[in-house]
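Today I am opening the notebook on backbone oddities. I want to see where they sit, so here is the model I worked from.

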Amino acid sequence: MRIAAMAKLRFILGDHLSRNIASLRDIDKKHDIVLMAEVGGESTIVGFHKQKLVLIYSAMRHFAEALRAEGITVEYVSLDSPGNTQSLEGELKRALQRHAVEAVVVTEPGAWRVRAVMDKWEQELGLPTEIREDDRFLCSHARFLSWAEGRKSLRMEFFYREMRRDTGLLMQDDGPEGGHWNFDAENRNALPADHRAPERLRFTPDAATKRVIALVRERYPDNFGDIEPFSWAVTREDALGALDHFIAEALPDFGTYQDAMKSGEPFLHHGLLSAYLNIGLLTADEVCAAAERAYYAGDAPLNAAEGFIRQVLGWREYVRGIYWWKMPDYAQTNRLDAQRDLPWFYWSGETDMNCMANAIGDTQRHAYAHHIQRLMITGNFALLAGIEPQAVHRW
């Protein structure tokens, strides 16, 4: 006797826009249903930059169309859809009322707060709910714990070396390429007076993105930042184009000038790839592999390839590991007992401090600040001024 296949509901969040994400890898195209939802509740947890909202919503809509082109059934709830409950749980419950499925499948979210809500779904829904680990990251939760637990020192440098060994990136036999793990000493040069940063590949909004820009402008008029010009990639194809352009045009000098800043040059040689990594249009393994290939092909020096890989394989994976290990208490830590309010110029950019005005102004205009602007300018000011960490976190 043939047993009829049962459908599963695959819930794809706004940072799950990878075709090979765990919750889609074994999808049954004939029976399963993909649910995607733009929910205002998640959009208003903090005052997201307008361009971030446009990026996520537009990328979600383009990803949904790519899945449909494969023959996958996608149920998409837009921000202004009639009946939208504006919550992930509410849209999941509504979808389950419309479809008879045997289980819900979702990939772990990027935020501990959302994971805590997901953990209650199976009991509240009365339906098996499988929360799969997000294996787009190169270090699993278990791997990080095996490295961290029992250590007196949690220096990122030591974690980074373990990840190099695990992945084989820039390794020769049992040692690091070039004889050193870290070439940071070669990555601190000031920009020459006549230095010109490379032109960066930017993208013109298509009709779908223009509709999202109009929607965000209407719904979130008071959110931080300029909504236009919007020039971020919103598709996998364009994100890959941005990666290729960075490797060819900006990576060669990324290492040498990665700690530099210059007024009127918001991007310099930086990757402009973190947004695509964070929502899933690019993956950590492919961007690291691209930088490694450029080095071995003679198209980028070792200090550039290593310096870039360290940002992704080292810092990105390390901070994620610490976050999931220490949450939820981690969000409330305040070791120095800093209590001052965040100054208003973090939102306005109106200050006589040129470095702060430039860093915040660039963030307003482009929804982007590179790691030196964030660490050495806005972050260092907050530390020296004794600003409450939670206020900085919300900003």
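In which loop is alanine 367 found? I looked it up in this predicted model: alanine 367 belongs to the loop between α14 (354-366) and α15 (371-385).

**Entry on positive phi**

I stopped at alanine 367 for its backbone: phi is positive, about 55°, although the residue is not a glycine. I then checked its surroundings, and alanine 367 turned out to be partly exposed, with a relative accessible area of 30%.

I went on to glutamine 86, another residue other than glycine with a positive phi, here near 65°. I placed glutamine 86 in the loop between β3 (73-77) and α3 (88-98). Is glutamine 86 buried or exposed? I can call it partly exposed, because its relative accessible area is 23% and buried would require a value under 20%.

**Entry on cis peptide bonds**

Next I turned to the prolines. What is the omega of the peptide bond from glutamate 228 to proline 229? I noted a value near 5°, so this bond is cis. I traced proline 229 to the loop between α8 (207-219) and α9 (236-257).

I also looked at the step from methionine 327 to proline 328, and I found a cis peptide bond there, with omega near 5°. Where does proline 328 lie? I found it in the loop that runs between α12 (302-326) and α13 (345-348).

Note on methods. Residues numbered from 1 in each chain as written. Predicted model: local features only at pLDDT ≥ 70, side-chain atom pairs only at ≥ 80, totals over all residues. Heavy atoms only, no water. Helix = DSSP H or I, 4+ residues; strand = E, 2+ residues; numbered from the N terminus. Buried < 20%, exposed > 50% of the residue type's maximum accessible area, 1.4 Å probe, protein only.
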